[in-house]
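Hi,

Here's the structure I promised to pass on. Have a look at it first, and then read my notes underneath.

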Amino acid sequence: MPDEELLQSLLKSLGKIYHMAPSKIISGFTHGENKILNQLYITDGFSLSPKELSEILFLSSARVAAALKTLEQKGRVRRSVSETDRRKICVSLTREGEEIILAKRTEINSIIGRVIDKLGSADSAQLVRLIDRIIEITEMDKEAEI
């Protein structure tokens with residue numbers, strides 16, 4: 001078990017990072033809505049079914065349905081019947097949705113770029129290595145639970 005003081009310090013630092021500028025940029029959308037917008041943006045052709053979104057993003061079908069309803073009302077996504085399979089619904093970004101997510105991603109990249117510039121190459125590479133290691137350990141812990 002790690003030192004309690006170190007544990008609390010790490011949790012406090014991670015909390016601060018979580019609430020910093022990038023999370024302010026993506027405000028106005030729920031976490032699930034952000035995940036959906038980003039996934040549609042990086043998907044070739046910008047189109048996926050609700051089921052595919054649920055599976056890729058590890059969100060429940062109910063959560064995806066609720067997020068899509070809100071995003072559609074805001075004019076960020078559109079749902080349409082698939083041209084190849086009339087039983088399938090396709091979700092895609094509207095032009096406004098594309099513009100919003102591109103602007104948000106550009107601003108986040110700018111912020112992270114400034115952080116990298118200030119950290120320098122060596123510290124930035126070390127940070128990436130540590131984050132990857134944390135992900136690896138977390139995934140191993142999940143597999144051990146199964």
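Below is what turned up when I went through the helices, the sheet and one residue further along.

Before anything else, keep in mind that this is a predicted model.

Let's start with the helix pair. Two packed helices are described by the angle between their axes and the distance between the axes. For H3 (residues 31-42) and H5 (residues 61-73), the angle is about 80° and the axes are 9 Å apart. Angles of 65 to 115 degrees count as roughly perpendicular, so that is the label for H3 against H5. On the H3 side, the contact is made by Gly-32, Glu-33, Ile-36 and Leu-37. H5 brings Arg-63, Val-64, Ala-67, Leu-68, Thr-70 and Leu-71 to it. Sorted by class, that contact has six nonpolar residues, plus two polar and two charged ones.

Next up is H4, which covers residues 50-57. Which of its residues are buried? They are Leu-53, Ser-54 and Leu-57. Looking down the axis of H4, these buried residues fall within an arc of 100°, so they line one face of the helix. As for what they pack against, the partners are H3, H5 and two strands, S1 (47-48) and S3 (89-93). One backbone detail to check in your viewer: Phe-58, just after H4, has a positive phi of about 55°.

Now the sheet. Strands of a sheet pair through backbone hydrogen bonds, either parallel or antiparallel. Here there are three strands in an open sheet, ordered S1-S3-S2, and the pairing is antiparallel. S1 and S2 (77-81) are the edge strands, each pairing on one side only. Between S2 and S3 there are five bridges, and Ser-80 sits opposite Cys-90 of S3. H5 comes back into the picture here: this helix lies across S2 and S3 and runs at about 110° to S2. So H5 meets both H3 and the sheet strands S2 and S3, while the buried residues of H4 also pack against H5.

Last, a look further along the chain. Arg-129 is in helix H7, residues 121-145. Is this residue buried, exposed or partly exposed? With a relative accessible area of 45%, Arg-129 is partly exposed, because the exposed class begins over 50% and the buried one is under 20%. Arg-129 and Asn-34 are 95 residues apart in sequence, and their C-alpha atoms are 26 Å apart in space.

That's it from me for now.

Cheers

Notes:
Residues numbered from 1 in each chain as written. Predicted model: local features only at pLDDT ≥ 70, side-chain atom pairs only at ≥ 80, totals over all residues. Heavy atoms only, no water. Axes fitted to C-alpha atoms, helices over the stretch in contact; angles between N-to-C directions. Helix = DSSP H or I, 4+ residues; strand = E, 2+ residues; numbered from the N terminus. Parallel < 35°, antiparallel > 145°, perpendicular 65-115°, else oblique. Contact = heavy atoms within 4.5 Å. Nonpolar A, V, L, I, M, F, W, Y, C, P; charged D, E, K, R; others polar. Buried < 20%, exposed > 50% of the residue type's maximum accessible area, 1.4 Å probe, protein only. Arc of directions from axis to C-beta. Pairing = 2+ DSSP bridges.
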